[in-house]
Structure formats: structure tokens, C-alpha cells
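Hi,

Here is the structure I promised to pass on. Have a look at it first, and my notes follow underneath.

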Amino acid sequence: MANVLRHLPELEGMELGYIQGLMKNMDEDQASLFAQVYRARRKDAQMILILTLLGFFGFAGLHRFILGQIGLGILYILTVGLCFIGTIVDLVNYKSLAYEYNIKVAHETINMLSTSFDMGQDHKE
């Protein structure tokens with residue numbers, strides 16, 4: 001069982017608990033590899049907050065592009081953050097936006113690594 005905080009000390013709250021559940025059956029090598037890939041791909045909630053705040057200064061929707069929501073990003077640019085209402089809602093919900101994205105990234109990382117581990121096991125046999 002891998003120690004999540006040793007591999008990913010920047011995690012907190014619900015994200016920490018969720019990632020801990022994902023890493024509970026990993027050995028140290030798997031946990032280390034998962035942490036490297038996940039850390040490189042995850043988005044920090046503070047960055048999402050800053051990008052959302054930029055929506056009030058003419059750059060609405062940047063946070064949606066960073067979160068991979070290209071359609072909403074374009075919509076926010078064309079409508080000035082849905083007349084600032086969408087930007088205000090996202091400002092209130094910036095932590096949940098980051099959490100949802102990070103959970104999706106965690107699952108993609110697990111799937112990618114489990115596929116590579118399975119392929120590695122096939123070559124050993």
C-alpha cells in the first residue's frame with residue numbers, strides 16, 4: 001500500500017481521499033509512476049481561480065480551455081462569460097471544477113498505466 005502524501009504532498013481534501021482510494025492497491029513503483037504522470041496533468045484549484053478572475057478583465061473562458069472544455073471556452077469568449085453570470089458561477093465553483101477535472105485525469109492515468117503494466121506483464125511471460 002503506497003503512502004499518498006509521500007508521493008503527492010500537494011493534495012488535500014476530497015482529492016486526497018479519492019486519490020488515496022485509487023492508490024491503495026499499488027506498490028511503491030506503481031504509485032511513484034502514477035504520481036509523476038498525475039502531477040504533470042492535474043490542475044491546481046488556485047490556477048483555475050486566477051484564470052476565472054481574468055474573466056472580469058476581458059479574458060473570459062480561459063479556465064474552460066485549460067480544463068479541456070473548448071466549446072464552453074469559445075462560448076464564454078463570445079458572450080463575455082455569459083454576461084459575467086457564468087464567470088461569477090465559476091468563481092464560486094472553481095474548486096469543484098478543478099476537482100472534477102483532476103478525477104477525470106486520475107482515471108485516465110490509471111487506465112493508461114494499467115494498460116502499460118499489463119503489456120509489461122505479457123512481455124515477461
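Let me start with a question: is Glu108 buried, partly exposed or exposed? With a relative accessible area of 35%, Glu108 counts as partly exposed. Before you read too much into any of this, keep in mind that the model is predicted.

**Salt bridges**

Glu108 is a good way into the charged pairs, since it forms a salt bridge with Arg41, with 2.6 Å between the closest N and O atoms. Glu108 sits in helix 9 (residues 94–124) and Arg41 in helix 3, so this pair ties together parts that are 67 residues apart in sequence. Arg41 is partly exposed too, at a relative accessible area of 30%.

The structure holds 5 salt bridges in total, and two others also involve helix 3. One of them joins the side chains of Glu28 and Arg6, at 2.2 Å from N to O. Because Glu28 belongs to helix 3 (residues 28–41) and Arg6 to helix 1 (residues 4–7), that bridge links parts 22 residues apart in sequence. Glu28 is partly exposed at 32% relative accessibility, whereas Arg6 comes out as exposed at 52%.

The other pairs Glu10 with Arg39, whose closest N and O atoms are 3.0 Å apart. Here Glu10 lies in the loop between helix 1 and helix 2 (13–23) and Arg39 in helix 3, so parts 29 residues apart in sequence are tied together. Both partners are partly exposed: Glu10 has 32% relative accessibility and Arg39 has a relative accessible area of 37%.

**Helix 3 itself**

Helix 3 has 14 residues and spans 20 Å from its first C-alpha to its last, close to the 20 Å expected at 1.5 Å a residue. At its start, a side-chain oxygen of Asp27 comes to within 3.2 Å of the backbone nitrogen of Asp29. The buried residues in helix 3 include Ala31, Phe34, Ala35, Val37 and Tyr38. When you look at that spacing, recall that an α-helix has 3.6 residues a turn, so residues three or four places apart point the same way.

**The core**

Phe34 and Tyr38 turn up again in the largest nonpolar core, which has 22 residues. They are listed among those with the most contacts inside it, along with Val4, Leu8, Leu11, Ile19 and Met23. Helix 2, helix 3, helix 4 and helix 9 each supply at least two residues of this core. Which helix gives the most to it? That is helix 9, with 7 residues.

Helix 9 also holds a polar residue you may want to look at, Asn102. Asn102 counts as buried because its relative accessibility is 1%, under the 20% cut-off. Its side chain makes a polar contact with the side chain of Glu15, at 3.4 Å.

**A nonpolar patch on the surface**

Finally, the outside. A nonpolar surface patch of about 1000 Å² is made by Ile50, Leu53, Leu54, Phe56, Phe57, Phe59, Leu62, Val80, Phe84, Ile88 and Val92. Helix 4 (45–53) and helix 8 (85–92) are the elements that give two or more residues to the patch. Ile88, for one, lies in helix 8 and is partly exposed at 44% relative accessibility. For context, nonpolar side chains tend to be buried together in soluble globular proteins.

Cheers

Terms used
Residues numbered from 1 in each chain as written. Predicted model: local features only at pLDDT ≥ 70, side-chain atom pairs only at ≥ 80, totals over all residues. Heavy atoms only, no water. Patch = residues over 30% accessible without salt bridge, like charges linked within 9 Å, V, L, I, M, F, W, Y side chains within 5 Å. Areas by Shrake-Rupley, 256 points an atom, 1.4 Å probe, with all protein chains shown as cover. Salt bridge = Lys/Arg side-chain N within 4 Å of Asp/Glu carboxyl O. Helix = DSSP H or I, 4+ residues; strand = E, 2+ residues; numbered from the N terminus. Buried < 20%, exposed > 50% of the residue type's maximum accessible area, 1.4 Å probe, protein only. Expected span 1.5 Å × (residues − 1). Polar contact = N/O pair within 3.5 Å; in protein donor to acceptor, adjacent residues only side chain to side chain. Core = buried A, V, L, I, M, F, W, Y, C linked by side-chain atoms within 4.5 Å.
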